[in-house]
Protein chains: 2
Amino acid sequence: MTAYTATVTVRLKRGVLDPEAETTQQALERLGFELSDLRSADRFEVDLDAADAEEAADRADEMAERLLANPTIHDYDVTVAER
Amino acid sequence: MTAYTATVTVRLKRGVLDPEAETTQQALERLGFELSDLRSADRFEVDLDAADAEEAADRADEMAERLLANPTIHDYDVTVAER
């Protein structure tokens, strides 16, 4: 078994409204920053032990499917690195 | 001017309690997943125009300092990619 950190990034699907990101963008603009867009996402770093990187990615993928992301409104991606 | 996307990742400093991450970890364990730790972070993807990557990173850094992160409890890092 090897120790891995799987990073799951969960973001809203294109077209889903994100009032929090919009508010953050407006607040930055009010501070004088120029930006064309701002998107927010949740990032989960999961430490787990697995036989290989593929197994670690598969398990993180299943965690995203079952709990971390809501498939109706979210897209997610998984990356795995040895810890 | 070139179009860049700056990604600002904001995480809690080591030692700061994160009850949301703890609850998420417990929920995953209740679903039968084995994991040794889970940390959560906020990720902001900021689209902006800048003369070069260094200027884009500097501006994203200032956004993190002034609004996106709370230096008392957060660490952050910034990466920049051409869009």
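**Notes on the A–B interface and the shared sheet**

1. Chain B and chain A bury about 2,800 Å² between them, with carbon and sulfur atoms giving 54% of that area. Buried area here is the accessible area (1.4 Å probe) that two parts lose on being put together, summed over both. On the chain B side, B:Arg39, B:Arg43 and B:Glu45 lose the most area to chain A, together 22% of what that side buries.

2. A word on the model before going further. It is predicted, so local features need pLDDT of at least 70 and side-chain atom pairs count only at pLDDT 80 or more, while totals for chains, interfaces and linings use all residues. Residues are numbered from 1 along each chain as its sequence is written, chains are lettered from A in the order in which they are written, and side-chain values use heavy atoms, with hydrogens and water left out.

3. Who takes part in the contact (heavy atoms within 4.5 Å)? Chain B brings 30 residues and chain A brings 30 residues.

4. Now the charged pairs. Six salt bridges are counted between chain B and chain A; a salt bridge is a side-chain nitrogen of Lys or Arg within 4 Å of a carboxyl oxygen of Asp or Glu. One of the salt bridges joins A:Glu45 to B:Arg39, at 3.1 Å from N to O.

5. Polar contacts add to the picture: 14 residue pairs are found across the interface of chain B and chain A, both residues at pLDDT 80 or more. Such a contact is a pair of N or O atoms within 3.5 Å; within protein, one must be able to donate a hydrogen and the other to accept it, and residues adjacent in sequence count only if both atoms are side-chain atoms. On the side of chain B that touches chain A, strand E1 (2-12), helix H1 (19-30), strand E2 (37-50) and helix H2 (53-68) of chain B each give two or more residues. E2(B) gives the most, with 12 residues. Helices (H or I, at least four residues) and strands (E, at least two) are DSSP runs, numbered from the N terminus.

6. The two chains also share a sheet. Its six strands form an open sheet in the order E3(A)-E1(A)-E2(A)-E2(B)-E1(B)-E3(B), with antiparallel pairing; two strands pair if DSSP finds at least two bridges between them. Strand E3 (74-82) of chain A and strand E3 (74-82) of chain B stand at the edges with a single partner strand each, so one side of each has no neighbour in the sheet. From one strand to the next, the twist averages 25°.

7. How many bridges join E2 of chain A to E2(B)? There are 11, and the two strands run antiparallel. Among the residues involved, A:Val46 has B:Leu38 as its bridge partner in E2(B). A:Val46 is also the bridge partner, in E2(A), of A:Ala6, and A:Ala6 stands opposite A:Val80 in E3(A).

8. Within chain A, 10 antiparallel bridges join E1(A) to E2(A), and nine join E1(A) to E3(A).

9. Finally, the whole structure holds 20 salt bridges over all chains. One of them pairs B:Asp49 with B:Arg83 at 3.8 Å, N to O. B:Asp49 lies in strand E2 of chain B and B:Arg83 in the segment after E3 of chain B, so this pair ties together parts 34 residues apart in sequence.

Terms used. Contact means heavy atoms within 4.5 Å. Axes are lines fitted to C-alpha atoms, for helices over the stretch in contact, and angles run from 0 to 180 degrees between N-to-C directions.
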